[in-house]
Amino acid sequence: MRRIARFEKVSREQFEKDFLDTFGAGSEAACQTAWEQVSMPKRATTGSAGYDFITPVAIRLAPGESVKVPTGIRAAMEAGWVLQIYPRSGLGFKYRLQLNNTVGIVDSDYYDSDNEGHIFVKLTNDSREGKTLSLEAGSGFAQGIFVEFGITEDDDAESVRNGGFGSTGV
């Protein structure tokens, strides 16, 4: 297997800024606890393609509810690779847990963004059976898979990324 990437924690300052932006003022104590819960994504077995992302906060989602999870993680990867993020298979199957953008795409140049390449995962419980999803902090909730990609022969992209969602102007 070729090793093309590494996971890192974002700085404490970046995590705090993003956590408070997500959960609001008054959540400083929860932010401290969440920071301590941030752990590197890991594969469960040698045959696993996906790296399990761990939630640093407890999640409770009733049907139809959404939450944006600041993972505290960034990914440094070689050019020509992308990290694709999906819900954990079992959670998708049991709760119709979905990412709001269907598949999260983390480009290699996102690492150098102003927000340190902090990976967020926005989830929705789309249960049609009235099931509420409850996960404790420290639980796996998403999985990331590194995929190699190519570009067209006439590609002329020259822009430099500086941000996350929608930062490339689309």
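This is a short talk on the strands, aromatic rings, helices and loops of one structure.

Before anything else, please keep in mind that we are looking at a predicted model, and that what I say about it rests on computed values.

Let me begin with the sheet, and with the question of which strands form it and in what order. Four strands make up an open sheet, and they run in the order S2-S11-S6-S8 with antiparallel pairing. At the edges are strand S2, residues 51-54, and S8, each of which pairs on one side only. From one strand to the next, the twist averages 30°. As general background, strands of a sheet pair through backbone hydrogen bonds, and this can happen in a parallel or an antiparallel manner.

I would like to dwell on strand S6, residues 81-87, and to ask how much of it is buried. Six of its seven residues are buried, and S6 is therefore largely enclosed by the rest of the structure. Its pairing with strand S11, residues 140-148, is antiparallel and extends over seven bridges. Within that pairing, Val-82 stands opposite Val-147, and Leu-83 stands opposite Phe-146. S6 also pairs with strand S8, residues 104-107, again in the antiparallel sense, over four bridges. Here Val-82 appears once more, since its bridge partner in S8 is Asp-107. Val-82 thus has Val-147 of S11 as one partner and Asp-107 of S8 as another.

Moving to the S2 edge of the sheet, we find that S2 is joined to S11 by four bridges, with the two strands running antiparallel. Two of the positions in this pairing can be named: Asp-52 stands opposite Gln-143, and Phe-53 stands opposite Ala-142. A general remark is useful at this point, namely that in a regular strand the side chains alternate between the two faces of the sheet.

Phe-53 brings me to the aromatic residues. How many aromatic pairs does a search of the whole structure find? The search finds seven. One of them is formed by Phe-7 and Phe-53, whose ring centres are 5.7 Å apart and whose planes are at 85°, so the pair counts as edge-to-face, the cut-off for that class being over 60 degrees. This pair links distant parts of the chain, because Phe-7 lies in strand S1, residues 5-9, while Phe-53 lies in strand S2, 46 residues apart. Both rings belong to buried residues: Phe-7 has a relative accessibility of 15%, and Phe-53 has a relative accessible area of 0%. Phe-7 also pairs with Phe-146, where the ring centres are 5.6 Å apart and the planes are at 45°, so this second pair is tilted. The second pair, too, links distant parts of the chain, with Phe-7 in strand S1 and Phe-146 in strand S11, 139 residues apart. Like Phe-7, Phe-146 is buried. Taken together, ring pairs link Phe-7, Tyr-51, Phe-53 and Phe-146 into a cluster.

Rings in this model also have charged groups placed over them. Lys-9 lies over the face of Trp-35, at 3.9 Å from the ring centre, and the charged end of Arg-74 sits over the ring of Tyr-111, 3.7 Å from its centre.

Turning to the helices, how do H1 and H2 cross? The axes of H1 and helix H2, residues 28-37, come within 10 Å and cross at roughly 130°. That angle makes H1 oblique to H2, and the crossing is right-handed. Helix H1, residues 12-23, includes Asp-21, which is exposed, with a relative accessible area of 60%. Asp-21 and Pro-70 are 49 residues apart in sequence, while their C-alpha atoms are 9.8 Å apart in space.

I will finish with two loop residues whose backbone angles deserve a look. Thr-102, in the loop between strand S7, residues 97-99, and S8, has a positive phi of about 70° although it is not a glycine. Is Thr-102 buried or exposed? At 61% relative accessibility, Thr-102 counts as exposed. Glu-116 is found in the loop between S8 and strand S9, residues 120-125, and its phi is near 65°, again a positive value in a residue other than glycine.

Conventions: Residues numbered from 1 in each chain as written. Predicted model: local features only at pLDDT ≥ 70, side-chain atom pairs only at ≥ 80, totals over all residues. Heavy atoms only, no water. Buried < 20%, exposed > 50% of the residue type's maximum accessible area, 1.4 Å probe, protein only. Pairing = 2+ DSSP bridges. Axes fitted to C-alpha atoms, helices over the stretch in contact; angles between N-to-C directions. Phe/Tyr/Trp six-rings, centres within 6.5 Å; stacked < 30°, edge-to-face > 60°. Lys NZ or Arg CZ within 6 Å of the ring centre and 35° of its normal. Parallel < 35°, antiparallel > 145°, perpendicular 65-115°, else oblique. Left-handed = near helix turned anticlockwise from the far one by under 90°.
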